[in-house]
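Biologist: I would love a close look at a single part of this model rather than a tour of the whole. Please pick one element and walk me through its start, its buried side and its surroundings.

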Amino acid sequence: MKLNTPLKILVLAIVILGMAAILSNPGRFGSYFSTVDRNDYKAVAENFLRKNVYIAKRIGKVDRLSHVGDGGGSGTSSYNLYRLYGSEKEGVCDVTVEKDDTGNWYVTYALLTIEGMEYKIPIKRSGKRKLPKIW
């Protein structure tokens with residue numbers, strides 16, 4: 001099936017507009033198609049703890065976790081404490097989750113403690129990604 005030139009241009013324009021919408025609203029699409037509910041601070045923190053590679057390197061894959069200290073989600077910041085059970089070791093993680101202007105929660109600080117050693121976990125915030133300037 002051959003497409004005529006105006007139809008090709010229309011399809012290309014739709015694709016470009018769709019990609020522009022996704023790239024200009026990364027918070028709405030999570031970290032590009034994340035399934036985490038950004039309106040729930042616990043879901044954001046637990047997803048971060050389960051999927052973080054830095055944590056997995058230290059304690060192995062997180063098999064389960066328990067929410068020891070609940071910071072609540074009524075304000076703009078929530079300070080939480082989790083006990084992590086990895087495939088190799090156990091640890092405790094202090095996680096701070098903050099709400100942005102749009103009401104979405106993001107992890108802003110995490111400190112992992114294993115056997116008396118503390119590791120500050122690097123945070124890469126997906127909601128405020130800067131796109132490269134083309135011009």
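Modeller: Happy to! A polar contact here is a pair of N or O atoms within 3.5 Å, where one can donate a hydrogen and the other can accept it. Please keep in mind that this is a predicted model. With that cut-off in hand, let us start at the N-terminal end of helix α2, where Asp-40 acts as a cap. A side-chain oxygen of Asp-40 lies 3.3 Å from the backbone nitrogen of Lys-42.

Now for the buried side of the helix. Tyr-41, Val-44, Ala-45, Phe-48 and Leu-49 are the buried residues of α2. Their arc around the axis is only 125°, which puts them on the same side of α2. The cover over these residues includes α3 (53-59), β1 (62-69), β2 (77-86), β3 (90-99) and β4.

Two of these residues deserve a longer stop. Take Tyr-41, which is buried at 12% relative accessibility. The ring of Tyr-41 forms a tilted aromatic pair with Trp-105, 5.8 Å centre to centre and with 55° between the planes. Tyr-41 belongs to α2 (residues 41-51) and Trp-105 to strand β4 (residues 105-114), so the pair ties together parts that are 64 residues apart in sequence. Trp-105, at 2% relative accessibility, counts as buried.

Both partners also meet a polar residue. Ser-78 lies in strand β2 and is buried, with a relative accessible area of 0%. Setting aside neighbours within four places in sequence, the contacts of Ser-78 include Tyr-41 and Trp-105, along with Val-95 and Val-97. The side chain of Ser-78 also has a polar contact, at 2.9 Å, with the side chain of Asn-80.

The other stop is Leu-49. Beyond its neighbours within four places in sequence, Leu-49 touches Ile-55, Val-62, Leu-65, Tyr-82, Leu-84, Cys-93 and Val-95. Leu-49 is also one of the residues with the most contacts inside the largest nonpolar core, which has 21 residues. Ile-55, Leu-84, Cys-93, Val-95 and Val-97 are listed there as well. At least two residues of this core come from each of α2, α3, β1, β2, β3 and β4. As a general point, nonpolar side chains tend to be buried together in soluble globular proteins.

So here is the picture to take to the bench: α2 is capped by Asp-40, keeps its buried residues on the same side, and pairs Tyr-41 with Trp-105, while Leu-49 sits in the largest nonpolar core.

Technical notes. Residues numbered from 1 in each chain as written. Predicted model: local features only at pLDDT ≥ 70, side-chain atom pairs only at ≥ 80, totals over all residues. Heavy atoms only, no water. Phe/Tyr/Trp six-rings, centres within 6.5 Å; stacked < 30°, edge-to-face > 60°. Helix = DSSP H or I, 4+ residues; strand = E, 2+ residues; numbered from the N terminus. Buried < 20%, exposed > 50% of the residue type's maximum accessible area, 1.4 Å probe, protein only. Arc of directions from axis to C-beta. Contact = heavy atoms within 4.5 Å. Core = buried A, V, L, I, M, F, W, Y, C linked by side-chain atoms within 4.5 Å.
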